[in-house]
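Hi there,

Here is the structure I promised to pass on to you. Have it open while you read, and I will go through what turned up in it.

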Amino acid sequence: MKRYFKETQEMIGNNHIVKKLFQLSGLLLLAGCAAKGDYPGVEYAPQMYHSVPYEQLSQVQDEEAGRWLTSLDEGPAEFYNSNPLNPSGMTMRMPVEGTVKRNANGYLPYRIPKDSFALAGRVMKNPLDSTASVISDGKALFLRYCRHCHGDTGQGDGPVGKVYKGVTPYNSRAVKDAPAGHIFHVITYGKGRMYSHASQVSVEDRWKIVRYVQTLQRQ
């Protein structure tokens, strides 16, 4: 029995030593992966978090570009992106003739701060002409989204406006000269007790409402 306990103790002791050796080996392995000086260390999938910047209007001619991020042994490096078929010598293609710019209609982007009503009034211009069709659409949208507070003719006498007093008439001295950009900004962000309607009304529809509101300013 004593011999059995002795052998068991020796086995436990040996396993403990093996466990310690494994732990020490792991620490040495991790230490060997660490960055030091010019050595970036061992990294898993480095191309996932090290970007190789390039000018999109030019081509990368160096076939070794980004070689340090790839394990390819032959052929161009991973970030070699020259396009010999592009006659303009650019990585990206030229836009098709007649392409309309993303912001051509003044819809995007819209980053004027919430409280900058005067700025919006100066710089924002309505991209929609004051046609009968636009004004008609604007009226329909106004009756759907705005009438309950502002009333049918913008006098602030809608069903909600009668209960919560203080909705300013559009033809009042304070509002009648408000420019299109100011009105659009108010619809987008809200003002006073009026909340933002940006989530309910699209950008184009907001501009249509602006056209109709301007007709009520003149009444």
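Let's start with H197, which sits in the loop that links α6 to α7. Please keep in mind throughout that this is a predicted model. Is H197 buried or exposed? Its relative accessibility is 16%, and buried means under 20%, so H197 counts as buried. Leaving aside residues up to four places away in sequence, H197 touches Y145, I187 and T188.

Two of those partners, I187 and T188, are themselves among the buried residues of α6, so let's look at that helix next.

Helix α6 covers residues 180-189, and eight of its ten residues are buried, so the rest of the structure largely encloses it. Which residues of α6 are the buried ones? They are A180, G181, I183, F184, H185, V186, I187 and T188. If you wonder what these buried residues pack against, look for α2 (117-123) and α7 (203-217). Just past the end of α6 you will find G190, which has a positive phi of about 85 degrees.

Now for how α6 meets α7. The axes of the two helices come within 9 Å and cross at roughly 125 degrees. An angle between 115 and 145 degrees falls in the oblique range, so α6 and α7 are oblique to each other. The crossing of α6 past α7 is right-handed. On the α6 side, the contact is made by A180, G181, I183, F184, I187 and T188. On the α7 side, V203, R206, W207, I209, V210, V213, Q214 and Q217 take part. Sorted by type, the residues of this contact come to nine nonpolar, four polar and one charged.

Helix α7 also packs with α3 (residues 132-145), at an angle of about 95 degrees and with the axes 7 Å apart. Angles from 65 to 115 degrees count as roughly perpendicular, so that is how α3 lies to α7. From α3, the contact uses V134, I135, D137, G138, K139, L141 and F142. From α7, it uses D205, K208, I209, R211, Y212, V213, T215 and L216. These residues divide into eight nonpolar, two polar and five charged. You can spot I209 and V213 of α7 in the contact with α6 and again in the contact with α3.

Another loop is worth a visit. Q155 lies between α4 (147-150) and α5 (159-163). Its relative accessible area is 30%, so Q155 is partly exposed. Where does P169 lie relative to Q155? The two are 14 residues apart in sequence, and their C-alpha atoms are 4.1 Å apart in space. Apart from residues up to four places away in sequence, Q155 touches H150, V167, P169 and N171.

Finally, step back to the whole protein. How many helices and strands does it have? There are seven helices and zero strands, so reading from the N terminus on, the elements run α-α-α-α-α-α-α. The protein has 219 residues, of which 27% count as buried. Among contacts with a separation of 6 or more, 50% come from residues 24 or more positions apart. The accessible surface is about 16,000 Å², and 57% of that belongs to carbon and sulfur atoms.

Happy exploring, and do write back with any questions!

Best wishes

How values were computed:
Residues numbered from 1 in each chain as written. Predicted model: local features only at pLDDT ≥ 70, side-chain atom pairs only at ≥ 80, totals over all residues. Heavy atoms only, no water. Buried < 20%, exposed > 50% of the residue type's maximum accessible area, 1.4 Å probe, protein only. Helix = DSSP H or I, 4+ residues; strand = E, 2+ residues; numbered from the N terminus. Contact = heavy atoms within 4.5 Å. Areas by Shrake-Rupley, 256 points an atom, 1.4 Å probe, with all protein chains shown as cover. Axes fitted to C-alpha atoms, helices over the stretch in contact; angles between N-to-C directions. Parallel < 35°, antiparallel > 145°, perpendicular 65-115°, else oblique. Left-handed = near helix turned anticlockwise from the far one by under 90°. Nonpolar A, V, L, I, M, F, W, Y, C, P; charged D, E, K, R; others polar.
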